[in-house]
Amino acid sequence: MRTVPVLILLLVTSVTLAQERKAIPVKVVRAVMAPVYEELPLTGSVTTRRQSRLSPEVAGLVARLHVDEGDEVSRGDLLLELDRDIARIERDSSAAQVAEATARLAEALRQQDETARLVEKQHIPPTRHEAAQAVVAIARAALERLHKELERRQELVRRHSVSAPFDGVITRKMVEAGEWVQIDTSLLVLTEINRLRVQVPVPQFYFADVHVGTPVRLALDAYPGREFHARVTMKVPLSSEAARTFPVRIDLANSERLFAPGMSARVMFRLGDSGAAESLLVSQDALVRKADGSASVWVVTPGSDGLSARQVPVSAGRSYRKHIEITTGAVQAGDRVVVRGNEILRPGQLVEIKEELEVNL
């Protein structure tokens, strides 16, 4: 009658031994040595460094528009032209006056030379030569004045066009061809996008901890699961009295056009000394906690039968990103610790590494 329980026990024992000999698939990651920093999570907004509302330098009729909203332009590109026919006529008239004055000066110089020779031969009194010299001076001054007038009219012709003052994108167009515009009329809005910035309000409690050059990680809703790395480029010592915060700016290169003004950003500031001592870190998923408060990790070690799991009691310290500091325990940098499948492991359990995850600090 007692042989049945014994057979069941033997069967269970054999099944258990068979399971232990079967390798369990796991995922692992390496333990690493790295400094642990305090991190400050805040939110900010992507803004442009420069935005210009372009206006004409002279009043006139819009003759041609060379851009539309959304067009990307480079510095110096022609954006808009006003009708310049009258300005060109006045410029050409001024150029003709310069040519006339040049001829008068040439004639005055000829007469000056002629009177000089006649005075030398005592054919005319010296006052005649002095008068000729005065005529030359007057003609030269008149020519100089007309040259300046020509320059002014040439500049007026140039001012009948509007060019891009910097590289950017036309984000708003407020006129069309055929409209009459004044000097204070806003024509176009040009927004710089090659370099943008994230502006973050930092609470006054952390004002002394954030500096120019402080490393940051950026996460944008437009790119879920992706992080961007940058550094603080400006800290403005001007507080918002209502919120008691200080604006901090982070410049972003945008050559790939990944960012756009108006995007929201989650910003993680890395605070602390860049020369901080390194600590042993493992992924938080590697830590197995028990009800009594103790903790352990499973370390994969090679053996005669293959890879096996060894349970190592540890003490956990500070958290850093998705890692945790190991303060005590027989774990070393480079050890492979189990992060997936560790909940069903037993000491000495054979394992098969399905994937070794990359350490991402």
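Here a trainee and a mentor talk through helices, strands and a pocket in a predicted model.

Trainee: Let's start with the helices. At roughly what angle do the axes of helix α2 and helix α3 cross?

Mentor: Two packed helices are described by the angle between their axes and the distance between the axes. Here, α2 covers residues 85–120 and α3 covers residues 126–158. Their axes come within 8 Å, and the crossing angle is roughly 165°.

Trainee: Which word describes α2 relative to α3, roughly parallel or roughly antiparallel?

Mentor: The axes cross at roughly 165°. Angles over 145 degrees count as roughly antiparallel. Therefore α2 and α3 are roughly antiparallel.

Trainee: How many nonpolar residues does the contact of α2 with α3 have?

Mentor: Good one to look at by class. α2 passes α3 in a left-handed crossing. Their contact has 10 polar and 8 charged residues, and its nonpolar residues number 18.

Trainee: On to the sheet, then. Which strands stand at the edges of the open sheet of 7 strands?

Mentor: Reading across the sheet, the order is β14-β13-β17-β3-β12-β16-β15, with antiparallel pairing. A strand at an edge has a single partner strand, so one side of it is left without a neighbour in the sheet. The two edge strands are β14 (228–231) and β15 (234–235).

Trainee: Which residue of β16 stands opposite K235?

Mentor: Strands of a sheet pair through backbone hydrogen bonds, either parallel or antiparallel. β15 and β16 (residues 245–253) run antiparallel and are joined by 2 bridges. Opposite K235 in β16 stands V248.

Trainee: What about β22: which of its residues is the bridge partner of A316?

Mentor: β22 spans residues 323–328 and pairs with β18 (residues 278–283) in the antiparallel sense over 3 bridges; there, L281 stands opposite E325. β21 (residues 306–320) also runs antiparallel to β22, and 4 bridges join them. In β22, the partner of A316 is I326.

Trainee: Which residue takes a positive phi in the hairpin of β21 and β22?

Mentor: Look between the strands, where the hairpin has 2 residues. The phi in question is near 55°, and the residue that takes it is R321.

Trainee: Last stop, the largest pocket. Which class has 8 residues in its lining?

Mentor: The largest pocket holds about 440 Å³ of space. Its lining has 17 residues, and S283, K322, H323, E358 and N360 lie nearest the centre. By class, 4 of the lining residues are nonpolar and 5 are polar, while the class with 8 is charged.

How values were computed:
Residues are numbered from 1 along each chain as its sequence is written. This is a predicted model: local features need pLDDT of at least 70, side-chain atom pairs count only at pLDDT 80 or more; totals for chains, interfaces and linings use all residues. Side-chain values use heavy atoms; hydrogens and water are left out. On a 1 Å grid over the protein atoms alone, a cavity is a set of points where a 1.4 Å probe fits but cannot get out, and a pocket is an open set with protein on both sides within 12 Å along at least five of seven lines; lining residues have an atom within 4 Å of a point. Grid points are joined across faces, edges and corners, and a volume is the space filled by probe spheres set on the points. Ala, Val, Leu, Ile, Met, Phe, Trp, Tyr, Cys and Pro count as nonpolar, Asp, Glu, Lys and Arg as charged, and the others, Gly among them, as polar. Axes are lines fitted to C-alpha atoms, for helices over the stretch in contact, and angles run from 0 to 180 degrees between N-to-C directions. Angles under 35 degrees count as roughly parallel, over 145 as roughly antiparallel, 65 to 115 as roughly perpendicular and the rest as oblique. A crossing is left-handed if the near helix is turned anticlockwise from the far one by less than a right angle, and right-handed if clockwise. Two strands pair if DSSP finds at least two bridges between them.
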